[in-house]
Amino acid sequence: PRKIQVWQILLKDDHSRRAFLRYFTARAITSTEMVRFMCEAYSELGVPLKLYTDQGGEFKGRHAHTARLLNLLPTIVETGGYTHIPHKAGNPQATGKVESGHQWAQKMDGLIGIAEREGRTITIEMLNEYFAPRICADYNNRVHRTTAETPMFRWSNTRIVVRKFDRQILESALLSQEFDARLD
């Protein structure tokens, strides 16, 4: 009765393989929850040129609206825009990239189970403030088998424009309600 449903959302940079992980409590991940996650991730990592995802329902609705709004910002437009690309079903390479990230995060979730068996109380705040950053640090500082470099090395040694915005600014813009004006 004390347990709640917890979701993990993982964002991984395709070039560097850098991971960003957060946990959410919700009955289901909605497009609004996904946009909240993106606000946090983009304020830390920057807004990417392209977001490559699966075809989940959380990438429709408010998320589609977010892509339109980001492409109205001069900073985004002048530096290449923002594109959301849902991968096509049956694409094993794309599915493999997404699934390898999920498998890695699920392995790390086993550590949560160990902590619970030891009698520790796990809260969502602990997961996001302590557990997720430590897991990402471990992942981001290990040598990747394909690139032979650590994700953080590739991330910090790539010359790109980082398009960062304050999290509160992103949230106020991307999570605002729209009201259509009608003239009678």
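**Around helix α1 and its aromatic neighbours**

In this predicted model, the charged end of R18 sits over the ring of W155, 4.8 Å from its centre (NZ of Lys or CZ of Arg within 6 Å of the ring centre and within 35 degrees of the ring normal). Residues are numbered from 1 along each chain, and side-chain values use heavy atoms, without hydrogens or water. Local features need pLDDT of at least 70 and side-chain atom pairs 80 or more, while totals for chains, interfaces and linings use all residues.

Now let's turn to helix α1. This helix covers residues 31–45 and reaches 20 Å from its first C-alpha to its last; helices are DSSP runs of H or I with at least four residues, strands E runs with at least two. Eleven of its 15 residues are buried, so α1 is largely enclosed by the rest of the structure (buried means under 20% relative accessible area, with a 1.4 Å probe and protein chains only). Among the elements that these buried residues pack against are β1, β2 and α7, with contact meaning heavy atoms within 4.5 Å.

What about the rings? The whole structure holds four aromatic pairs (ring centres of Phe, Tyr or the six-membered ring of Trp within 6.5 Å; planes under 30 degrees apart are stacked, over 60 edge-to-face, the rest tilted). F24 and F37 form an edge-to-face pair, 6.3 Å centre to centre with 75 degrees between the planes. This pair joins strand β2 to helix α1, 13 residues apart. F37 is buried, with a relative accessible area of 2%. Y42 and Y82 are also edge-to-face, at 6.1 Å and 70 degrees.

Note on methods: The expected span of a helix is 1.5 Å times one less than its number of residues. Buried means under 20% relative accessible area, exposed over 50%, partly exposed in between (1.4 Å probe, protein chains only).
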